[in-house]
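Hi everyone, thanks for coming. I'd like to walk you through one model today, so please have a look at the sequence and the structure on the screen.

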Amino acid sequence: MAAITSAVIAIAAVVLGWITIEIACKPCLDKGREAIDNSLNPDYDPDNDVVSSSASAPLISHTEDPIPKVATDLSHSNAIKAV
């Protein structure tokens, strides 16, 4: 009976370890599996891949003004007063 219990515990540990690795490395494993699927597919043509970004697009999009606006109204009590 002890041998069966040990075997069940060992199998459960292997299954939990496998699940842990699958969850932890999911993005990397998905990319690898996709690459393997593409390499085994005879109809796959890498020249037909759609690139999501254009080569002429800027790397950083400036949606905001990079220079923050400075308050010009010095009448507030929070403004620094000259001595």
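How much accessible surface does the protein chain have, and what share of it belongs to carbon and sulfur atoms? The accessible surface comes to about 8,200 Å², and 66% of that belongs to carbon and sulfur atoms. Please keep in mind that this is a predicted model.

Let me start with the overall layout. In the protein chain there are 2 helices and 0 strands. Helix α1 covers residues 2–24, and α2 covers 26–40. As for burial, the chain has 83 residues, and buried residues make up 0% of them.

Now, the salt bridges. How many does a search of the whole structure find? The search comes back with 2 salt bridges. One of them joins the side chains of arginine 33 and glutamate 22, at 2.8 Å from N to O. Arginine 33 sits in helix α2 while glutamate 22 sits in helix α1, so this pair ties together parts that are 11 residues apart in sequence. Both ends can be reached from outside to some degree: arginine 33 is partly exposed, with a relative accessible area of 39%, and glutamate 22 is partly exposed too, at 23%.

There is also a salt bridge between the side chains of aspartate 30 and lysine 26, at 3.4 Å from N to O. Here both partners belong to helix α2, and being 4 residues apart, they are separated by about one helical turn. Aspartate 30 counts as partly exposed at 34% relative accessibility, and lysine 26 counts as partly exposed at 47%.

Next, the cysteines, since I expect somebody will ask. Why is cysteine 25 without a bond to cysteine 28? The closest cysteine sulfur to that of cysteine 25 is the one in cysteine 28, and because the two are 6.6 Å apart, they are too far for a bond. Seen from the other side, cysteine 28 is in no disulfide, with the sulfur of cysteine 25 as its nearest cysteine sulfur. With a cut-off of 2.5 Å between sulfur atoms, the count comes to 0 disulfides. As for accessibility, cysteine 25 is partly exposed, with a relative accessible area of 35%, whereas cysteine 28 is exposed, at 57%.

Let's finish with two surface patches. Which residues make the nonpolar one? Ile11, Val15, Leu16, Trp18, Ile19 and Ile23 form it, and the patch has an area of about 670 Å². Take isoleucine 11 as an example: this residue is found in helix α1, and at 56% relative accessibility isoleucine 11 counts as exposed.

The other patch is one of negative charge. On the surface, Glu34, Asp37, Asp45, Asp47 and Asp49 gather there. If you want a single residue to look at, try aspartate 47, which lies in the segment after α2. Is aspartate 47 buried or exposed? Aspartate 47 is exposed, and its relative accessible area is 69%.

That's my tour. Thanks for listening, and I'm happy to go back to any part of the picture.

Definitions and conventions. Residues are numbered from 1 along each chain as its sequence is written. This is a predicted model: local features need pLDDT of at least 70, side-chain atom pairs count only at pLDDT 80 or more; totals for chains, interfaces and linings use all residues. Side-chain values use heavy atoms; hydrogens and water are left out. Patches are made of residues with over 30% relative accessible area and no salt bridge: like charges are joined within 9 Å, nonpolar side chains (Val, Leu, Ile, Met, Phe, Trp, Tyr) within 5 Å. Accessible areas come from the Shrake-Rupley method with a 1.4 Å probe; for residues, only the protein chains shown count as cover. A salt bridge is a side-chain nitrogen of Lys or Arg within 4 Å of a carboxyl oxygen of Asp or Glu. Lys and Arg count as positive and Asp and Glu as negative; His and the chain ends are not counted. The place of a charge is taken as NZ of Lys, CZ of Arg, CG of Asp or CD of Glu. Buried means under 20% relative accessible area, exposed over 50%, partly exposed in between (1.4 Å probe, protein chains only).
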